[in-house]
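Visitor: I should like a close look at a single part of this model, with its surroundings described afterwards. Please begin with one strand and work outwards.

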Amino acid sequence: MLSIKGLRKTYGDVVALDDCTFRAEPGRMLGFLGPNGAGKTTAMRAVFGLVEQDAGTITWRDAPIGFEQRQRFGYMPETRGLYPKMRIHDQLVYLGRLHGMSARAAGDEAEALLATFGLSERTRDPLEKLSHGNQQRVQLAAALINRPELLVLDEPFSGLDPIGVETMGQVLRERARDGAAVVFSSHQLDLVEDLCEDVAIIRQGYIVRQGEVDQIKDASPVRHLELELADGDVRQLGELSDRVVEQVGNRYRLMVPADLDIRPLMSGALATGQVRRFIYTTPSLSEIFLEAVA
Amino acid sequence: MTGWNGMWLVTKREIRERARTKGFLISSILTVVLITAAIVLPTVAGDAAETHRIGSLGAGNEAIVTAAAEVAAAEVADQPAEEADGFEIFNFSSREEAALALQAGEVEVVLIDGESVLVATEGFGGTPLVGTLQQAAGAVRLQELVASNEEAASVIDVLSRDPLAVTTLAGEDSAAAERGTIAYGGLILMYIAVLSYGNAALTGVTEEKNNRVVEVLLATLKPWQLLGGKVLGIGLLGLAQFAATVIVAFVALRATNALELPDLDASIVGVLVLWFVLGFSIFSVLYAAAGALASRPEEAQSASLPMTMIAVLAFFLSFGVLSNPDSTLSRIVTFIPFTAPFVVPVRNALGALTLVEHVLAVIVTVLAIILLIRVAARIYSGGLLSIGRRVKLREAWRGTN
């Protein structure tokens, strides 16, 4: 388990991290969310010793993180970069070797990864000859080469087309299923909602929400209600008609308190025989996020 | 994986990727071709005949000059298009008079009593003219021996050493001058190597920052491993290329006799190589530290100016040492790591260095290299993540990133 406790980091007067605390569990994916400049990149860099924190501790399996641990981590930094003129296969092998792998093991793993990303034909090409999306795939492969126990990825999906997003998402899910702890930051909240069991939301260096996606959604004080009425007459909703937040044609979206008992409402609405659609849900992750960082 | 393993992986990558580039291959081949051409072409074209002005003091010189003309004629005998060098004799009545004329350049050398030759300064390995005169004097001696029916031992004696003793105006012993010449040649080679390959170290360390791979690497490497490995890789490759160039030049010189090379004294050459490596290392690390401050190659150039100044200064200081190896200044700069590589081989060759001084100088320089790697690594890691802008030295040192 990756455990970050009370992390603090300031740059002059700017507070980048302020008592930042969260955990990432093996076998699970954690979406690390926050507006730009909230401290996501700083926190991720701190895991790799690229930033010296002013206070706080970072541990992996209850031990402080040092060289030994980092050999078994994988990292995809925000500032992407590999050697442009080096053959992609060679780069992956080099990075594998730096992580303590034998030349043979690194070679085998590099081939397997490039095959996964559909780059088997390009292994002898220098990175710069690849398209942007393919370069990003190689970058992910670089983070995966040592079969890491902990994967930290800073915005891995930015700049990818939907197919790329799909492949990368699948690969990450597989790694989590095989037991790796996966942490990634993203602004694509729908994607995070699809992929992750856990989220941590950071705002101005402080973690404002952390936990399982479902639990966080359940804990929200509001619920969404979506109704489609055949005749579009909102008056049938009675007292709820003041809670309408959006109307498109005969469709209404309402926000109601979580503790509101909707059963009477449901039976009442159904009794009119006008209801074509009735959806009652927790808010989406986007809404939770917007509310949390407001 | 130990720290050295990590560094060695960086070194291997550096050598492999650099040696693979077209630029490296082209520059290697071009250098060798140009050097060979520069040495071989002039000898093929041949020298124009000139008339040498020989001073003469005392008796027994004319026979040598006459013989010298025959030697010169024999040299061009198989090249009918060329004319042989001529010789003109100027007689002097006193050594002072002869020395003045030599200093003024009115004569090139002065023969004294058919026994010795006085030259203004000892050129690089002596001048071809002195060589011709030695041959001529040898021939004259042999004729004398044959005429007087001397024993074979005397003949061998004449053949086995230069018949004329060479002295310079300053009166220095020519063997010491020859050793000085070797040291001086080594000095120039090191100066050229430092300036040409220091730049490779300089721009090389900005590479990782420039293509932003540094963050991936430093997630598993320590800055000193990356920096040390790069400098070592660039340095080894540079040394190999340089050594190849020097060897080609040496072979070409030997083959064409374009320049009379001094006999190489093993101990002096050994010391020269040792200090060449030390000097090359310390300046590479120094340049790498400058590169660590910059984020782009263009910025590295301006950060490197002080390093180049140090190299130039040390190079010129060594000239002072060459003419005055025992002065206080010469002793001081022996123990300054940046000047030592230029100064120590010269003082050693001139016999002005004690063993204790020598060992101490090596220790000081090696310690300085280790210290510099640490300083450079700290600057490097401090300035690392401020990608895209030049880092102030103080910021980098404190490690604010």
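In S3(B), which residue is the bridge partner of Ile54(B)?

Guide: The model is a predicted one. The bridge partner of Ile54(B) in S3(B) is Val109(B). That bridge belongs to the pairing of strand S1 of chain B, residues 51-57, with S3(B), which is parallel and runs over four bridges.

Val109(B) also has a partner in S4(B), namely Val119(B). Strand S4 of chain B, residues 116-119, is joined to S3(B) by four bridges, and these two strands run antiparallel. S3(B) thus pairs with S1(B) in the parallel sense and with S4(B) in the antiparallel sense.

The connection between S3(B) and S4(B) is a hairpin with three residues between the strands. In its turn, Asp113(B) has a positive phi of about 55°.

The burial of the strand can be read face by face. In a regular strand the side chains alternate between the two faces of the sheet. In S3(B), residues 109-112, Val109(B) and Leu111(B) lie on one side, while Val110(B) and Ile112(B) lie on the other. These four residues are all buried, so both faces of the strand are covered. Here, buried means that 20 or more other C-beta atoms lie within 10 Å of the residue's own.

Beyond this strand, chain B meets chain A in a contact that takes 19 residues from chain B and 24 residues from chain A. On the side of chain A that touches chain B, strand S6 (73-76) and helix H3 (88-98) of chain A each supply at least two residues. H3(A) gives the largest share, four residues. By class, this side of chain A divides into 15 nonpolar, five polar and four charged residues.

Chain A itself has 10 helices and 14 strands. Its C-alpha trace spans about 70 × 45 × 30 Å along the principal axes. Of its 294 residues, 38% count as buried. Among contacts in chain A with a separation of 6 or more, 70% join residues 24 or more positions apart.

The domain assignment divides chain A into domain 1 (2-217) and domain 2 (220-293). The centres of these domains of chain A, taken over C-alpha atoms, are separated by 39 Å. In their contact, 13 residues of domain 1 of chain A meet 10 residues of domain 2 of chain A. The elements giving two or more residues to the domain 1 side include helix H7 (189-195) and strand S9 (198-203) of chain A. That side has eight nonpolar, one polar and four charged residues.

Methods: Residues are numbered from 1 along each chain as its sequence is written. Chains are lettered from A and ligands numbered from 1 in the order in which they are written. This is a predicted model: local features need pLDDT of at least 70, side-chain atom pairs count only at pLDDT 80 or more; totals for chains, interfaces and linings use all residues. Two residues are in contact if their C-beta atoms, placed from the backbone, lie within 7 Å. Ala, Val, Leu, Ile, Met, Phe, Trp, Tyr, Cys and Pro count as nonpolar, Asp, Glu, Lys and Arg as charged, and the others, Gly among them, as polar. A residue is buried if 20 or more other C-beta atoms lie within 10 Å of its own, exposed if 12 or fewer, and partly exposed in between; C-beta atoms are placed from the backbone. Two strands pair if DSSP finds at least two bridges between them. Domain bounds come from an automatic or database domain assignment.
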